[in-house]
Amino acid sequence: MVTDPLLARQVLADHACFSMVGEGGVGHMWAQFFGEEMAQFFGGARHTEVRTKARDLFTEDGARGLATLLAIAGTETGASGTSRTVALLHDTGQQHALLADPGLMDNAVREGLRMSTPAPVIGRHVARDATVGGRRLRAGERVLLLTYLATTRVGPFDIGRDYVPETRQLWFGGGRHLCLGAAVARVQIARMLQNLLSQGRPYRIVARRAATRVLVPTYASLQVRLVP
Ligand code: HEM
């Protein structure tokens, strides 16, 4: 298990030794859920094609598998990051700072993603023997990157916090599999916050319920109301 952000990034950047498609990687898990066609999106030529031809993703033959991929990769994670950022701004009282200075929006989104880290664990299959942080990993083993611990250890949610270089955007992964929807997710959260605060009034959470038995920690329900 890896909890250090620099070591986690080392693993994510080393594609020769660590694989997403072998047992222990999320590509392997998704292939079991959605069929072998899903695995092709995470490795080899098809993966390169997906990443380099992002604009042509919705071709007739690619659409079905790819639509599934985008839906599972982006729906729950995006909803989790958005709702939990709304809750963090409320619970810490920092929505008032954001109302007073909308220029803090980028920080609020980044901090919300850092503190929520909707993909709290990233798995990799060890494809070749490797050394990480002085520990020897053998081919065939698995490594778990505890991204939630790695990103949150720098401190609590603080929209005054600058970009953290050692963490970068570890909540979006890193290396060749860095989240393809990162820009979409950031815009989604920013738009939600802009809408919520567009009346120039704070909001309060009137009801909330945590989701249970889920892969991505999130709210099953979060109800907010503008303060009159
Ligand atoms: C807050 C929202 C999101 C978070 C935290 C997130 C997180 C991640 C992470 C950690 C990975 C890397 C997984 C790994 O290396 O094993 C990833 C990959 C990916 N994400 Fe996201 N994601 C988010 C939203 C989205 C959205 C909105 C989309 C699509 C519209 C999307 C599409 C993808 C795809 C296609 C991959 C696979 C990329 C590849 O293997 O090259 N994600 N995401």
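Me: Where does Arg-213 sit in the chain?
Reply: In this predicted model, Arg-213 lies in the loop that runs between strand 6 (203-210) and strand 7 (219-226).

Me: And what is its phi like?
Reply: The phi of Arg-213 is near 55°, which is a positive value in a residue other than glycine.

Me: Is Arg-213 buried or exposed, and why?
Reply: Arg-213 counts as exposed, because it has 4 C-beta neighbours inside 10 Å, and a residue with 12 or fewer is placed in that class.

Me: Which other residue has a positive phi although it is not a glycine?
Reply: Arg-168 has one, with a phi of about 50°, and Arg-168 is placed in the loop between helix 7 (147-152) and helix 8. Arg-168 counts as partly exposed because it has 15 C-beta neighbours inside 10 Å.

Me: Switching to the ligand, how many residues surround it, and which are the closest?
Reply: The ligand is surrounded by 25 residues, and the closest of them are Gly-74, Gly-81, Gly-173, Cys-179 and Gly-181.

Me: Which helices supply at least two residues of that shell?
Reply: Helix 3 (44-52), helix 4 (60-91) and helix 8 (182-196) each do so, and the largest share, 7 residues, comes from helix 4.

Me: What is the shell made of, by class?
Reply: The shell around the ligand has 16 nonpolar residues, 8 polar ones and 1 charged one.

Me: Staying with helix 3, what about Val-50, which is found there?
Reply: Val-50, in helix 3, counts as partly exposed because it has 18 C-beta neighbours inside 10 Å, whereas 20 or more would be needed for a residue to be buried.

Me: How far is the C-alpha atom of Val-50 from that of Leu-180?
Reply: The two C-alpha atoms are separated by 9.4 Å, although Val-50 and Leu-180 are 130 residues apart along the chain.

Me: Where is Ser-198, and what is its separation from Leu-99?
Reply: Ser-198 is in the loop between helix 8 and strand 6, and its C-alpha atom is 8.8 Å from that of Leu-99, with the two positions 99 residues apart in sequence terms. Ser-198 counts as exposed, because it has 9 C-beta neighbours inside 10 Å.

Me: Now the core: which members of the largest nonpolar core touch the most others?
Reply: Of the 36 residues in that core, Ala-8, Val-11, Ala-108, Val-143 and Leu-145 touch the most other members. The elements that give two or more residues to this core are helix 1 (5-13), helix 2 (26-34), helix 4, helix 6 (105-116), strand 2 (122-126), strand 5 (142-145) and helix 8. As a general point, nonpolar side chains tend to be buried together in soluble globular proteins.

Me: What is Val-143 in contact with?
Reply: Leaving aside neighbours within four places in sequence, Val-143 is in contact with Val-2, Val-11, Phe-18, Arg-124, Val-126 and Leu-137.

Me: Stepping back, how many helices and strands does the protein chain have?
Reply: The protein chain has 8 helices and 7 strands. Its radius of gyration is 19 Å, close to the 17 Å that the globule rule gives for 228 residues, so the chain is as compact as a globular protein of that length.

Me: What box do the C-alpha atoms fill?
Reply: Along the principal axes, the C-alpha atoms of the protein chain fill a box of roughly 60 × 45 × 30 Å.

Me: What share of the residues count as buried?
Reply: Of the 228 residues of the protein chain, 31% count as buried. Among contacts in the chain with a separation of 6 or more, 66% are accounted for by residues 24 or more positions apart.

Terms used: Residues numbered from 1 in each chain as written. Predicted model: local features only at pLDDT ≥ 70, side-chain atom pairs only at ≥ 80, totals over all residues. Near = placed C-beta within 6 Å. Helix = DSSP H or I, 4+ residues; strand = E, 2+ residues; numbered from the N terminus. Nonpolar A, V, L, I, M, F, W, Y, C, P; charged D, E, K, R; others polar. Core = buried A, V, L, I, M, F, W, Y, C linked by C-beta atoms within 7 Å. Contact = placed C-beta atoms within 7 Å. Rg over C-alpha atoms; globule rule 2.2 N^0.38 Å.
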